[in-house]
Amino acid sequence: MLAAFTLPTLYALLTSLQPASVSLNPVPQWIFTPTLDNFVSLFEDSSFLGPVLNSVQSSVASAALALAICAPAAYALSRANVSSSGVIGMWLLAARALPAIGLAIPAYAIFTRIGLSDTIVALLLVYLPFNVALATIMLKVFIDGIPRELDEAAAIDGASPLRTMLQVVLPVARPGLASVTIMTFLFAWNNFLFPLVLTGSRSATIPLVLQKFLGSYTLQWNQVMAGVVLLSLPLIVLGAVFGRSMVGGLAAGSVK
């Protein structure tokens, strides 16, 4: 199982460091002089910088928007003593299971009519139901594991439900917040279908722009793999940044 994930990643990394003459050779070349020219040529291409910025904007905004919605929703579902919480959870799962193509085509027709086609806003609107649905369920599970005695102690001290959520519950739920942030960010960052249907030259993202290296007669594998490596960097960065937060959140929860 580990080899199934490691080998393609290693192949992409090696190919991204190969000169074009090596990567286009039908006979695999394992001995070559590594070069960063493929990465340099990507960033020298003005048509690549725009999609990079679009990917960053749409992914960061999508994660922030989903977190702002799912945090209070998950807290309310966890703490509310209502019999319909299970039904709401079922509807959230149903929203997450909706086929993406079933939303992309109607969304294209609607956004074209109201002037939102080929915009970052259009991407955020279609990412929202998928991100919020699963993120709410995931975060609710984390909050369910936080003792209600913390809420009761905060209420005795005069804290409002909003203050209790923001200053007591969510800090303890940092592992869940970190997981939700990573998941929602990567959903938008890696998505190919929605940008393909909803965007054009102005708001294209990295997965979409990598198509241009797959020509009809030649395949620029070295530049494609350089783009794939760049596309994979956020996963490594997010793991490094949020890893300590997740461990720290677990430790804080155990102390409290």
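The expected span of a helix is 1.5 Å times one less than its number of residues. Keep that in mind for helix H9 in this predicted model. H9 runs over residues 161–172 and has 12 residues. From its first C-alpha to its last it reaches 15 Å, close to the expected 16 Å.

Next, look at which side chains of H9 face inward. Thr164, Met165, Val169, Leu170 and Val172 are its buried residues. They cover an arc of only 135 degrees around the axis, so they sit on the same side of H9. The general rule behind such patterns is simple. An α-helix has 3.6 residues a turn, so residues three or four places apart point the same way.

Now turn to the largest pocket. It holds about 340 Å³ of space. Its lining counts 16 residues. Nearest the centre lie Thr9, Val228, Val229, Ser232 and Leu233. Helices H1 (2–16), H10 (174–190) and H13 (221–255) each supply at least two lining residues. H13 provides the largest share, nine residues. By class, the lining has 13 nonpolar and three polar residues, and no charged ones.

The largest nonpolar core comes last. It has 19 residues. Leu42, Phe48, Phe185 and Ile206 touch the most other members. Helices H3 (37–44), H4 (46–79), H10, H12 (206–209) and H13 each give two or more residues to this core. H13 gives the most, with six residues. H13 thus appears in both places: it has the largest share of the pocket lining and makes the largest contribution to the core.

Notes: Residues are numbered from 1 along each chain as its sequence is written. This is a predicted model: local features need pLDDT of at least 70, side-chain atom pairs count only at pLDDT 80 or more; totals for chains, interfaces and linings use all residues. Side-chain values use heavy atoms; hydrogens and water are left out. Helices (H or I, at least four residues) and strands (E, at least two) are DSSP runs, numbered from the N terminus. Buried means under 20% relative accessible area, exposed over 50%, partly exposed in between (1.4 Å probe, protein chains only). The arc is that of the directions from the helix axis to the C-beta atoms. On a 1 Å grid over the protein atoms alone, a cavity is a set of points where a 1.4 Å probe fits but cannot get out, and a pocket is an open set with protein on both sides within 12 Å along at least five of seven lines; lining residues have an atom within 4 Å of a point. Grid points are joined across faces, edges and corners, and a volume is the space filled by probe spheres set on the points. Ala, Val, Leu, Ile, Met, Phe, Trp, Tyr, Cys and Pro count as nonpolar, Asp, Glu, Lys and Arg as charged, and the others, Gly among them, as polar. A nonpolar core is a set of buried Ala, Val, Leu, Ile, Met, Phe, Trp, Tyr and Cys residues joined through side-chain atoms within 4.5 Å.
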